[in-house]
Amino acid sequence: MHPSKLGQLRKGLLEFLILDVVSTGDVYVADIIDRLASTDFATREGTLYPLLSTMRREGLLDYDWRESVAGPPRKYYRLTDLGREHLAEFRAYWDSLTRLIDELGR
């Protein structure tokens, strides 16, 4: 596949991967970056913060400020009910898409 098409696909899937990471429990931005670091979806704070802000405005995520022993307070993100719904819908769609690809490829 052409590299730019893969880039577009990765960009579109990043939101769902973030939802998946956050679904594991309350996470700090560094946790998200660490979980994605060894994947094709590795990202930096400069990309992640605007996306998290957008996802919060859309009602998919929320956060709490928590004190940190290592410095200033940190935002810990969690899924909202809408975020859990969005992730479940994506997982169902992804399952049907991969089944379709498998069937068409036979």
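How many bridges join β2 to β3, and which way do the two strands run? Seven bridges join them, and the strands run antiparallel. Keep that pair in mind; we will come back to it.

A word of caution before we go on. This is a predicted model.

Let's start with the whole chain. It has four helices and three strands. Reading from the N terminus, the elements run α-β-α-α-β-β-α. Along its principal axes, the C-alpha trace spans about 55 × 30 × 20 Å. There are 106 residues in the chain, and buried residues make up 27% of them. Now take the contacts with a separation of 6 or more. Residues 24 or more positions apart account for 50% of those.

Next, the sheet. It is open, it has three strands, and the order is β1-β3-β2. The pairing is antiparallel. In general, strands of a sheet pair through backbone hydrogen bonds, either parallel or antiparallel. Here the edge strands are β1, residues 27–28, and β2. Each of those edge strands pairs on one side only.

Back to β2 and β3. They form a hairpin, with two residues between them. For one rung of this ladder, look at tryptophan 65: its bridge partner in β3 is lysine 75. On the other side, two bridges join β1 to β3, again antiparallel. There, valine 27 stands opposite tyrosine 77 of β3.

Now for what packs inside. In soluble globular proteins, nonpolar side chains tend to be buried together. The largest nonpolar core in this model has 23 residues. Those with the most contacts inside it are Ile18, Leu19, Val22, Ile32, Leu52 and Leu61. Which elements each supply at least two residues of this core? They are α1 (3–22), α2 (29–37), α3 (45–57), β2 (61–68), β3 (71–79) and α4. The largest share comes from α1, with seven residues.

Take valine 22 from that list. Setting aside residues up to four places away in sequence, valine 22 touches Val27, Ile32, Leu61, Tyr77, Arg78 and Leu79. Two of those names you have just heard: Val27 and Tyr77 are the residues that stand opposite each other.

On to helix α2. Its buried residues include Val29, Ile32, Ile33 and Leu36. Why do the buried residues of α2 line one face of the helix? Seen down the axis, they fall within an arc of 95°, so they line one face.

Just past α2 comes a loop, and threonine 43 is in it, between α2 and α3. Is threonine 43 buried or exposed? Buried, with a relative accessible area of 13%. Its contacts, not counting residues up to four places away in sequence, are Leu14, Ile33, Leu36 and Leu48. Ile33 and Leu36 are among the buried residues of α2.

Now the aromatics. The model has five aromatic pairs. One of them joins phenylalanine 90 and tryptophan 94. This pair is tilted: 5.7 Å centre to centre, with 35° between the planes. Where do these two sit? In helix α4, residues 81–104, four residues apart, and that separates them by about one helical turn. An α-helix has 3.6 residues a turn, so residues three or four places apart point the same way. Phenylalanine 90 is buried, at a relative accessible area of 17%. Tryptophan 94 is partly exposed, at 34%. Add Phe16, and Phe16, Phe90 and Trp94 form one aromatic cluster.

Last, charges over rings. The charged end of arginine 74 sits over the ring of tyrosine 28, 4.4 Å from its centre. For lysine 75, the ring is that of tyrosine 63, and the distance from the charged end to the ring centre is 4.5 Å.

Let me finish on arginine 74. It is found in strand β3. With a relative accessible area of 24%, arginine 74 is partly exposed. What does arginine 74 touch, not counting residues up to four places away in sequence? Tyr28, Asp64, Trp65, Arg66 and Ser68. As for tyrosine 63, arginine 74 lies eleven residues from it in sequence and 9.5 Å from it in space, C-alpha to C-alpha.

Methods:
Residues numbered from 1 in each chain as written. Predicted model: local features only at pLDDT ≥ 70, side-chain atom pairs only at ≥ 80, totals over all residues. Heavy atoms only, no water. Phe/Tyr/Trp six-rings, centres within 6.5 Å; stacked < 30°, edge-to-face > 60°. Buried < 20%, exposed > 50% of the residue type's maximum accessible area, 1.4 Å probe, protein only. Lys NZ or Arg CZ within 6 Å of the ring centre and 35° of its normal. Core = buried A, V, L, I, M, F, W, Y, C linked by side-chain atoms within 4.5 Å. Contact = heavy atoms within 4.5 Å. Pairing = 2+ DSSP bridges. Arc of directions from axis to C-beta.
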